[in-house]
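Here are my notes on this one, in numbered points. Have the structure open while you read.

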Amino acid sequence: MALKLGLPKGSLQDATIQLFQRAGFNIYVSSRSYYPSIDDPEIECLLIRAQEMARYVADGVIDAGLTGQDWIAEHAATHGADRVTPIADLIYAKQSFGRVKWVLAVPEESPFKRPQDLEGKTIATELVRATEAYFKRLGVNVNVEFSWGATEVKPPVLADAIVEVTETGSSLRANRLRVIDTLLESNTQLIANPSSLTDEWKRTKLGNIALLLKAAIEAQGRVGLMLNVKRDDLKAVLALLPALQRPTISPLSDDGWVAVNTIIEEHTVRELIPKLKNANASGIVEYPLNKIVL
């Protein structure tokens, strides 16, 4: 038996494969194949566009897949919200470990200040159903047109406004667009077909995959730090250490010394290590982390 797992093809592909690698799964993608190989014989991978992932999971073509909450919402707006089951929130995107936003944007020089100002206007977007639902909730009548790409260049000639995804906002600024509202925030989710979850083996396998992926995300940007210190200096050293929980303190063969082990944010290391040295810590070792299981 194998779990059929959909991986997002496109902008999230590289970030997803890197995340799986940190979680302990090595995935190999050929430029000529939509069937990546993975070093786990219990998993069969298939590359699918994130926009289509929820449909194939809902239809049972695959057991589970990774896609954004935005495309899950788009699928739910068309087919109903109960056809896929969320397994885990995975906070990562193509450029960072964070969420993306779908925003309503207009040309900088346009007179539009709020969504209600767009009554009767044309909105271009890839996220058609969710955009229609958004304006319906506001009671604003607009014409929502599907955009095949390069959406940012369409206002003001081909559309009056756009609904577009942004991670940093740089593309919107480069195209002289101004955000007037946020429709939704999105992060990647691991979703499953409800029928697949009735199988105990598949449910357990998915749970294990989710655990490892979340552990890899938790470890991102953090490092381990261990050091030795005299008991007389321990209080001063501990005062310098921010920790995920509390530092682990272990006795050494010399009763006057202890070992301290902790987890810290990587960006703090360059300032912290000199302070620890000045507080009489010794044998300071920084080491990378692949996973943190909370």
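1. Let's start with S196. Leaving aside neighbours within four places in sequence, S196 is in contact with D63, K202 and R203, where contact means heavy atoms within 4.5 Å. The residue is found in the loop between β12 and α6 (200-219). Buried or exposed? S196 counts as buried because its relative accessibility is 9%; the scale used is buried under 20% relative accessible area, exposed over 50% and partly exposed in between, with a 1.4 Å probe and protein chains only.

2. Some ground rules. This is a predicted model, in which local features need pLDDT of at least 70 and side-chain atom pairs count only at pLDDT 80 or more, while totals for chains, interfaces and linings use all residues. Residues are numbered from 1 along each chain as its sequence is written, and side-chain values use heavy atoms, with hydrogens and water left out.

3. The overall picture: the protein has eight helices and 16 strands. These are DSSP runs numbered from the N terminus, with helices being H or I of at least four residues and strands E of at least two. The radius of gyration is 24 Å, well over the 19 Å that the globule rule gives for 294 residues, so the protein is more spread out than a compact globule. That radius is taken over C-alpha atoms, and the globule rule is 2.2 Å times the number of residues to the power 0.38. Along its principal axes the C-alpha trace spans about 80 × 55 × 35 Å.

4. On burial and contacts, buried residues make up 44% of the 294 residues. Of the contacts with a separation of 6 or more, 70% are between residues 24 or more positions apart.

5. One open sheet has five strands in the order β4-β1-β5-β12-β6, with mixed pairing; two strands pair if DSSP finds at least two bridges between them. Its edge strands are β4 (43-49) and β6 (85-90), each of which pairs on one side only. Neighbouring strands here are turned by 25° against each other on average, direction ignored. As for axes in general, they are lines fitted to C-alpha atoms, for helices over the stretch in contact, and angles run from 0 to 180 degrees between N-to-C directions.

6. Within that sheet, β6 and β12 run antiparallel and are joined by five bridges. P86 stands opposite I191 in β12. Helix α3 packs on the sheet, touching β5, β6 and β12, and its direction makes about 100° with that of β5. Helix α2 lies across β1 (3-9), β4, β5 and β12, at about 130° to β4.

7. Another open sheet of five strands has the order β9-β8-β10-β7-β11, and its pairing is mixed too. Why do β9 and β11 each have one side without a neighbour in the sheet? Both β9 (143-146) and β11 (177-186) stand at the edges with a single partner strand, so one side of each is left free of a neighbour in the sheet. The twist averages 25° from one strand to the next. Inside, β8 (residues 122-125) and β10 (residues 161-166) pair in the parallel sense over three bridges, and the bridge partner of I123 in β10 is A161.

8. Helix α3 (residues 69-79) also lies across β7 (100-107) and β11, at about 80° to β11. Its residues D70, W71, I72, E74 and H75 are buried, under cover that includes α2 (50-58), β5 (64-68), β7, α4, β11 and β12 (188-192). Helix α4 (residues 128-138) lies across β7, β8, β9, β10 and β11, running at about 170° to β9.

9. How do the two helices meet? The axes of α3 and α4 come within 7 Å and cross at roughly 70°. The contact is made by E74, A77 and T78 of α3 and V128, R129 and A130 of α4.

10. Some backbone spots to check. The peptide bond from P155 to P156 is cis, with omega near 0°, and P156 sits in the loop between β9 and β10. R176 is not a glycine, yet its phi is positive, near 55°; R176 lies in the loop between α5 (170-174) and β11 and is exposed, with a relative accessible area of 52%. N280 also has a positive phi, about 80°, without being a glycine. N280 is found in the loop between α8 (269-278) and β16 (282-288), and counts as partly exposed at 47% relative accessibility.
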